[in-house]
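Grab a coffee and work through a few short exercises on this chain. Try each task yourself before you read the solution.

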Amino acid sequence: MRYFIEFSYNGKNYFGYQIQPDAISVQEELEKALSTILREEIKTTGAGRTDTGVHARKIFAHFDTEHAVAEMNLAYKLNSFLPPDIAVKRIFPVKEDFHARFDATYRTYEYYISLAKNPFTQESAWQHWKRPLDISRMNEACKILFEYEDFTSFAKLKTDNKTNICKIYKAEWEQDGTELKFTVSANRFLRNMVRAIVGTMVEIGSGKIKPEDLRKIIEDKHRNAAGTSAPGHGLFLVDVGYEF
């Protein structure tokens, strides 16, 4: 039987979702709890690989087991075994070939920037209060993203990506008081892509480069053409879509 888990986590204490040597990960904690409860070795496959310090409000993973699972009871037990910064919302059966990563139709991220020093968002927003940002310039640049599908300039170097082609469905900045929120949705994202886009957008918003300069950055197809990556703690994976 194959099951999906819907869960969330605060990424502060983790080196991303995916298991890696000598570093604590969300996947490691999840698999350890599942294996203990089900009394068999459980491996999970996540909907994506978040970077160090990045958070997830809504993410999915699948796992296989030989035993029938009482979904509500397992979710309760998992929440008892997992650390406080990982929370399971629900567990449900899917077709045996349904895949948490490859069958996702879209993913949506939000990035938060604080325009005023805020002691309550130090771990959930980029504290960018020393220099003003022009949100209209940043939204002007967002429109340019829809003109392209090759985002090599925003991809982390030396990865195993077979393609850097992505289709962006939504990209916009909104301001609520002293907080900026960037929402971006696409069929897939490259490693570090959202943080690299945000870092470049901040250069545009602060007047270092013009919105139209984004075209050349994208067309150069090299990571060095884009801005410095924004800090990971301001980034949240907020939705993953499927056609169940």
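Three exercises with worked solutions follow.

This is a predicted model, where local features need pLDDT of at least 70, side-chain atom pairs count only at pLDDT 80 or more, and totals for chains, interfaces and linings use all residues. Numbering starts from 1 along each chain as its sequence is written, and side-chain values use heavy atoms, leaving out hydrogens and water.

**Exercise 1.** Work out how many helices and strands the chain has, and their order.

Start by counting: you get 5 helices and 9 strands (DSSP runs, H or I of at least four residues for helices, E of at least two for strands, numbered from the N terminus). Then read along the sequence, and the pattern comes out as β-α-β-β-α-β-β-β-α-β-β-α-α-β.

**Exercise 2.** Check the radius of gyration of the chain against the value for a compact globule.

Take the rule first: 2.2 Å times the number of residues to the power 0.38, with the radius taken over C-alpha atoms. For 244 residues that puts a compact globule near 18 Å, and the chain's 19 Å agrees.

**Exercise 3.** Place Y109: which strand holds this residue, and is Y109 buried or exposed?

The record comes first: UniProt, in an unreviewed entry, puts a "binding site" feature at Y109; such annotations may be inferred rather than shown by experiment. Next, Y109 sits in strand β5, residues 106-114. Y109 counts as buried because its relative accessible area is 11% (buried is under 20%, exposed over 50%, partly exposed in between, with a 1.4 Å probe and protein chains only). Finally, beyond neighbours within four places in sequence, Y109 has contacts (heavy atoms within 4.5 Å) that include T50, F182, F189 and L237.
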